[in-house]
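Let's take a walk through this structure together, starting with the backbone and moving on to the side chains. Have the 3D view open as you read.

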Amino acid sequence: MADAIVAVAGMAEPPLRLAVGADAIDGIRAALESRPAALEKSAQRGRLAQQH
């Protein structure tokens, strides 16, 4: 983990976030994969509200 942090710290344009480890990566992936469905649900409500 320390090697990854040091490598990122030395980058000219480091990423905003650094997922270190399988658990972190899996958690982030799960959160991101759930977002399209949540957006669609919200968009449907927004479209219905706009029609009234």
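The paragraphs below look at one helix and then at charged pairs of side chains.

Keep in mind that this is a predicted model. A good place to begin is helix α2, which covers residues 22-51. How far apart are its end C-alpha atoms? They lie 45 Å apart, and because 30 residues at 1.5 Å a residue should span 44 Å, the helix agrees with the expected length. Now follow α2 along to arginine 35, where you will find a kink of about 30 degrees. Proline 36 comes shortly after that kink.

With the backbone in mind, let's turn to the side chains. How many salt bridges does a search of the whole structure find? The search returns two.

One of them joins arginine 29 to aspartate 26, with an N to O distance of 4.0 Å. Both residues belong to helix α2, and they sit three residues apart, about one turn of the helix. As for accessibility, arginine 29 has a relative value of 45%, so it counts as partly exposed. Aspartate 26 is also partly exposed, because its relative accessible area is 45%, and the partly exposed class runs between 20% and 50%.

In the other pair, glutamate 40 meets arginine 47, and their closest N and O atoms are 3.5 Å apart. Here glutamate 40 reaches 38% relative accessibility and is therefore partly exposed. Its partner, arginine 47, is partly exposed as well, with a relative accessible area of 45%.

Conventions:
Residues are numbered from 1 along each chain as its sequence is written. This is a predicted model: local features need pLDDT of at least 70, side-chain atom pairs count only at pLDDT 80 or more; totals for chains, interfaces and linings use all residues. Side-chain values use heavy atoms; hydrogens and water are left out. Helices (H or I, at least four residues) and strands (E, at least two) are DSSP runs, numbered from the N terminus. The expected span of a helix is 1.5 Å times one less than its number of residues. The bend at a residue is the angle between axes fitted to the seven residues ending there and the seven starting there. A salt bridge is a side-chain nitrogen of Lys or Arg within 4 Å of a carboxyl oxygen of Asp or Glu. Buried means under 20% relative accessible area, exposed over 50%, partly exposed in between (1.4 Å probe, protein chains only).
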